[in-house]
Amino acid sequence: DNWFKASIEYENGIYQRLGSVVTNNGYSDWATTDIDAGISEMYYRLSRKGKDFCLENSIDGVNFKQMRIFHLFEAENEVNIGIYACSPSNSSFEAVFTEIGLYESIWK
């Protein structure tokens, strides 16, 4: 009932979408931004202050831009994290995940 996800959605040969979903108490929103279809890699960084989170993305893993700031009502102490990939039925692709790490929050 309380979670979020960040994604890159390959739509077509012209554009794709950088997306994020936040769900609180079972109610979700969906935020997207169109990005160039030539972008094939994306870095994400998540920082936390209590129940508030700052999600950022980067094409090069060095220069990050804010995607959104959000609050999770049920983010007590520890939260679970993970990675995912999905594909519509009758479709396939290869997803590669690298460089996952846990660090102290840099959100000031």
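1. R17 is partly exposed in this predicted model, with a relative accessible area of 23%. Its side chain meets that of E11 in a salt bridge, with a nitrogen-to-oxygen distance of 3.5 Å. E11 is also partly exposed, at a relative accessible area of 38%. The pair belongs to a network of salt bridges that links E11, R17 and D34. In total, the structure holds 5 salt bridges.

2. A further salt bridge joins the side chains of D29 and R68, at 2.9 Å from N to O. D29 lies in strand 3 and R68 in strand 6, so this pair ties together parts that are 39 residues apart in sequence. The two partners fall into separate accessibility classes. D29 is partly exposed, with a relative accessible area of 37%, whereas R68 is buried, with a value of 14%. The student may recall here that the cut-off for buried is under 20% relative accessible area.

3. The side chains of E76 and K51 also meet in a salt bridge, at 2.8 Å from N to O. E76 is placed in the segment after strand 6, and K51 in the loop between strand 4 and strand 5; the pair therefore ties together parts that are 25 residues apart in sequence. E76 counts as partly exposed, at 45% relative accessibility, and K51 counts as partly exposed at 27%.

4. The next point concerns the sheet. An open sheet is formed by 3 strands in the order 4-5-6, with antiparallel pairing. Strand 4 (43–49) and strand 6 (65–71) stand at the edges; each has a single partner strand, so one side of each is left without a neighbour in the sheet. From one strand to the next, the twist averages 20°. As general background, strands of a sheet pair through backbone hydrogen bonds, and the pairing may be parallel or antiparallel.

5. How many bridges pair strand 4 with strand 5? The antiparallel pairing of these two strands runs over 7 bridges. Within it, S47 stands opposite C54 in strand 5. Strand 4 and strand 5 also form a hairpin, with 2 residues between them. G50, in the turn of this hairpin, has a positive phi of about 65°. On the other side of the sheet order, strand 5 (residues 52–58) pairs with strand 6 in the antiparallel sense over 6 bridges. Here F53 stands opposite F70 in strand 6.

6. Two residues of strand 4 deserve separate attention. S47 is located in strand 4 and is buried, with a relative accessible area of 3%. Apart from neighbours within four places in sequence, S47 is in contact with D52, F53, C54, E56, S105, I106 and W107. Y43 also belongs to strand 4, but Y43 counts as partly exposed, at 23% relative accessibility.

7. The surroundings of Y43 can be described further. Leaving out residues up to four places away in sequence, Y43 touches E56, N57, S58, I59, D60, G61, F64 and E99. One of these contacts, F64, is 21 residues from Y43 along the chain, and the C-alpha atoms of the two are separated by 8.3 Å.

8. Which residues make up the largest nonpolar core? This core has 6 residues: V22, F53, L55, F70, L72 and A75. F53 and F70 have already been named as residues that stand opposite each other. L55 touches F4, A6, S20, Y44, R45, L46, K65, Q66, M67, R68 and F70, when residues up to four places away in sequence are not counted. The contacts of L55 thus include R68, the residue that forms a salt bridge with D29.

9. The final point concerns the backbone. Most residues other than glycine have a negative phi. N25 has a positive phi of about 50° although it is not a glycine. N25 is found in the loop between strand 2 (15–24) and strand 3 (27–36) and counts as partly exposed, at 41% relative accessibility. N77, likewise not a glycine, has a positive phi of about 45°. N77 lies in the segment after strand 6 and is exposed, with a relative accessible area of 68%.

Conventions. Residues numbered from 1 in each chain as written. Predicted model: local features only at pLDDT ≥ 70, side-chain atom pairs only at ≥ 80, totals over all residues. Heavy atoms only, no water. Pairing = 2+ DSSP bridges. Helix = DSSP H or I, 4+ residues; strand = E, 2+ residues; numbered from the N terminus. Axes fitted to C-alpha atoms, helices over the stretch in contact; angles between N-to-C directions. Core = buried A, V, L, I, M, F, W, Y, C linked by side-chain atoms within 4.5 Å. Buried < 20%, exposed > 50% of the residue type's maximum accessible area, 1.4 Å probe, protein only. Contact = heavy atoms within 4.5 Å. Salt bridge = Lys/Arg side-chain N within 4 Å of Asp/Glu carboxyl O.
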